[in-house]
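You asked for a colleague's reading of this model. The notes below go through it point by point.

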Amino acid sequence: MNTLDLAGHGPVIPVIVIDRVEDAVPLARALVAGGVKVLEVTLRTPAALDCIKAMIAEVPEAIVGAGTVRSIADAQAARDAGCQFAVSPGYTPEIGRACLDIGLPLLPGVSTASEVMMASADGYRFLKLFPATAVGGVNLLKAFASPFHDVVFCPTGGITLETAPQFLSLPNVKVCGGSWLTPADAVKAGDWARITRLAAEAQALRG
């Protein structure tokens with residue numbers, strides 16, 4: 001799979017932080033019920049890899065990947081868990097090559113022109129702008145459009161349902177990442193209906 005294929009499933013990829021394995025399957029099912037199939041589960045909690053495995057086993061219609069991949073070990077753990085893709089907050093040639101070597105499609109994070117050049121040199125032309133709003137947001141993406149005419153982006157970080165359309169209207173933005181689809185209070189309460197509603201709203205952003 002090419003990571004750019006992920007953008008074909010909808011305008012928003014949820015950025016998921018999950019603490020309890022028992023929440024993984026109902027959360028994934030709630031998102032899929034709202035039309036959101038591509039799920040990025042961040043490796044920010046001790047339960048993350050077990051949550052990923054549970055989602056892959058029980059929700060086959062979901063396309064599950066690991067986020068916050070910061071090392072070669074993280075990439076290998078994601079691959080071993082069955083992830084279909086990985087997302088990193090930044091980029092190093094080491095992690096880029098490691099993902100190529102193990103056949104794990106990577107959406108690498110960048111925040112500067114130098115990082116875009118470094119990732120592009122290693123063959124990555126679909127990049128995550130992170131943390132999007134903090135590093136310049138829409139204005140930075142507009143500035144990148146001319147010198148990096150052959151690169152497209154998934155901005156993530158600080159984006160909301162209200163601001164997502166501004167990003168998605170840019171020609172060099174294919175999809176955006178959002179944590180608002182899976183609010184911590186909704187997950188903790190098991191309010192899966194609310195998450196399905198949020199997913200449906202996000203899915204409708206691009207008609």
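1. Which residues of α6 are buried? This is a predicted model, and in it the buried residues of α6 are G137, V138, L140, L141 and F144. Around the helix axis they cover an arc of only 160°, which puts them on the same side of α6. The face turned away from that buried side carries N139 and K142, and these two are exposed.

2. What covers the buried residues of α6? The cover includes α5, β7, β8 and α7, the last of these spanning 164-168. Two of these elements, β7 and β8, return in the point on the three-stranded sheet.

3. F144 also takes part in an aromatic pair. Its ring and that of F148 have their centres 5.5 Å apart and their planes at 80°; planes over 60 degrees apart count as edge-to-face, so this pair is edge-to-face. F144 has a relative accessibility of 5% and counts as buried. F148, at 11%, counts as buried too. Ring pairs link F144 and F148 with F153 into a cluster. The count of aromatic pairs comes to three.

4. The model has an open sheet of three strands, in the order β6-β7-β8, with parallel pairing. At its edges stand β6 (109-110) and β8, each with a single partner strand, so one side of each has no neighbour in the sheet. β7 and β8 run parallel and are joined by four bridges. Where does K128 find its bridge partner in β8? The partner is C154. K128 has another contact to look at: its charged end sits over the ring of F130, 4.5 Å from the ring centre.

5. Another open sheet has six strands, in the order β5-β4-β3-β2-β1-β9, and its pairing is parallel. Which strands are at the edges? They are β5 (106-107) and β9 (176-178), each of which pairs on one side only. Further in, β2 (residues 38-42) pairs with β3 in the parallel sense over five bridges. As an example of a bridge, V41 has A66 in β3 as its partner.

6. Helix α3 (residues 72-81) can be read in the way used for α6. Its buried residues are A75, A78 and A81. Seen down the axis of α3, they fall within an arc of 130°, so they line one face of the helix. On the other side, A73 and D80 are exposed. Among the elements that cover the buried residues of α3 are α2 (48-58), β3 (63-67) and α4 (93-102). The strand β3 thus appears both in this cover and in the six-stranded sheet. After α3 comes G82, whose phi is positive, near 100°.

7. How many salt bridges does a search of the whole structure find? It finds three. In one of them, the side chains of D150 and R125 meet at 2.8 Å, N to O. D150 lies in the loop between α6 (137-145) and β8 (152-155), and R125 in the loop between α5 (113-121) and β7 (126-129), so the pair ties together parts that are 25 residues apart in sequence. D150 is partly exposed at 39% relative accessibility, and R125 is partly exposed with a relative accessible area of 38%.

8. Another salt bridge joins R20 and D23, with the closest N and O atoms 2.7 Å apart. Are the residues of this pair buried or partly exposed? R20 is partly exposed, with a relative accessible area of 33%, whereas D23 counts as buried at 7%. Buried here means under 20% relative accessible area, so D23 falls on the buried side of that limit.

9. R194 and D185 also form a salt bridge, and their closest N and O atoms are 3.2 Å apart. R194 is partly exposed, with a relative accessible area of 27%. D185 is partly exposed as well, with a relative accessible area of 48%.

Key:
Residues are numbered from 1 along each chain as its sequence is written. This is a predicted model: local features need pLDDT of at least 70, side-chain atom pairs count only at pLDDT 80 or more; totals for chains, interfaces and linings use all residues. Side-chain values use heavy atoms; hydrogens and water are left out. Rings of Phe, Tyr and Trp (its six-membered ring) pair if their centres lie within 6.5 Å; planes under 30 degrees apart count as stacked, over 60 as edge-to-face and the rest as tilted. Buried means under 20% relative accessible area, exposed over 50%, partly exposed in between (1.4 Å probe, protein chains only). A charge sits over a ring if NZ of Lys or CZ of Arg is within 6 Å of the ring centre and within 35 degrees of the ring normal. The arc is that of the directions from the helix axis to the C-beta atoms. Contact means heavy atoms within 4.5 Å. Two strands pair if DSSP finds at least two bridges between them. A salt bridge is a side-chain nitrogen of Lys or Arg within 4 Å of a carboxyl oxygen of Asp or Glu.
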